[in-house]
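Me: I would like to learn how to read a helix and the core it belongs to. Could you take me through one example, step by step?

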Amino acid sequence: MAEEFHPSNEISEASTATRKGRLSRRFAAKAPATRSTASRPHPVRSFVTVAAVAGMVATVAIPAFAAADRGDVAEAQTLQQASADDAQSLVVASEGSPETLERGGYSATTPEEIQKAKAKEAAEKAAKAALAARLASASSSSSSSNASTSSSFSNSVPLVSPGSGTVRRPLARFDNFGTPYAGHKGTDYMVGRGEPIYSVADGTVVASSESGPGWGVYVKIAHNIGGVRVTSLYAHMDWGTRRVQVGDTVSAGQLIGQVGDTGRAFGTHLHLEIRINNGYTNAESWLQANAG
């Protein structure tokens, strides 16, 4: 197709080109001034730019750092809580409150203490069993005595003397000592008629009579005390009160008769003789040294 030519269009393009040329020359004249200004940074603008960049960095970095810090603290708390159940406590001696301990406030705990407690308990049981056996023996001896002795004996008299030990006193009580005199080999214990008389130790009866020479009714017992031969003699008993016969075995503290005034006696009393290895000794001094 042929293009239609319009003179007005040519004029418009020419005028347009003319204006463009003018503008180019204007900008070309101003260009050196613009480049000179741009080559020198403005101080205020540079400061504002740096401050803005720093603010942006701080805005991003501080929350992240704070978040990281909170994470570490949270993790530390979690580890502490996790180990709390297995933690062991320590009590420093200076922080503890002192308390007074009494021996009676606690019981035996070591094997040695337990063994000692058991041994003590066994010894107590053995002692009770021995006492029961002595009572039974005394009762048996009583039943073996003759009828006249049994009928005249008072049932209210204790069968065993009070106290304990290898050696015991022959009387539970007495009023005073008799006056000693030349040739007298025993100790006189002045006391009322019927007072019980007991064996001073374990032994065997070697004499028992209703008519001893000068002794009246008497009993004589041989003992072995710690390997030492000891003989005890109990004289001036009341008639029919002897509880033992020759050959009977007796125990310390066992009833053997009652106080009287038979034989050559002035007033009711017990005449006690103690011989050690066939030698006489003061009966009261020996009892004080050995009786328990």
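Reply: What follows is a short walk from the whole chain to one helix and then to a nonpolar core. Please keep in mind that this is a predicted model. The protein chain has five helices and 10 strands, and buried residues make up 27% of its 292 residues.

Me: Which residues of helix H5 are buried, and which exposed residues lie on the face turned away from them?

Reply: In helix H5, which runs over residues 283–290, the buried residues are Ala-283, Glu-284, Trp-286 and Leu-287. Because these residues cover an arc of only 160° around the axis, they lie on the same side of H5. The face turned away from that buried side carries the exposed residues Gln-288 and Ala-289.

Me: What caps the N-terminal end of H5?

Reply: That role falls to Asn-282, where a side-chain oxygen lies 3.1 Å from the backbone nitrogen of Glu-284.

Me: Which strands do the buried residues of H5 pack against?

Reply: They pack against S1, S2, S5, S6, S9 and S10. Leaving aside neighbours within four places in sequence, Trp-286 is in contact with several residues, including Val-167, Val-200, Ile-225 and Ile-274.

Me: How should I think about a core, and which residues have the most contacts inside the largest one here?

Reply: In soluble globular proteins, nonpolar side chains tend to be buried together. Here the largest nonpolar core has 25 residues, and those with the most contacts inside it are Ile-197, Tyr-234, Ile-256, Leu-270, Leu-272 and Trp-286. The elements that give two or more residues to this core are S5, S6, S9 and H5, and S5 gives the most, with four residues.

Methods
Residues are numbered from 1 along each chain as its sequence is written. This is a predicted model: local features need pLDDT of at least 70, side-chain atom pairs count only at pLDDT 80 or more; totals for chains, interfaces and linings use all residues. Side-chain values use heavy atoms; hydrogens and water are left out. Buried means under 20% relative accessible area, exposed over 50%, partly exposed in between (1.4 Å probe, protein chains only). The arc is that of the directions from the helix axis to the C-beta atoms. Contact means heavy atoms within 4.5 Å. A polar contact is a pair of N or O atoms within 3.5 Å; within protein, one must be able to donate a hydrogen and the other to accept it, and residues adjacent in sequence count only if both atoms are side-chain atoms. A nonpolar core is a set of buried Ala, Val, Leu, Ile, Met, Phe, Trp, Tyr and Cys residues joined through side-chain atoms within 4.5 Å.
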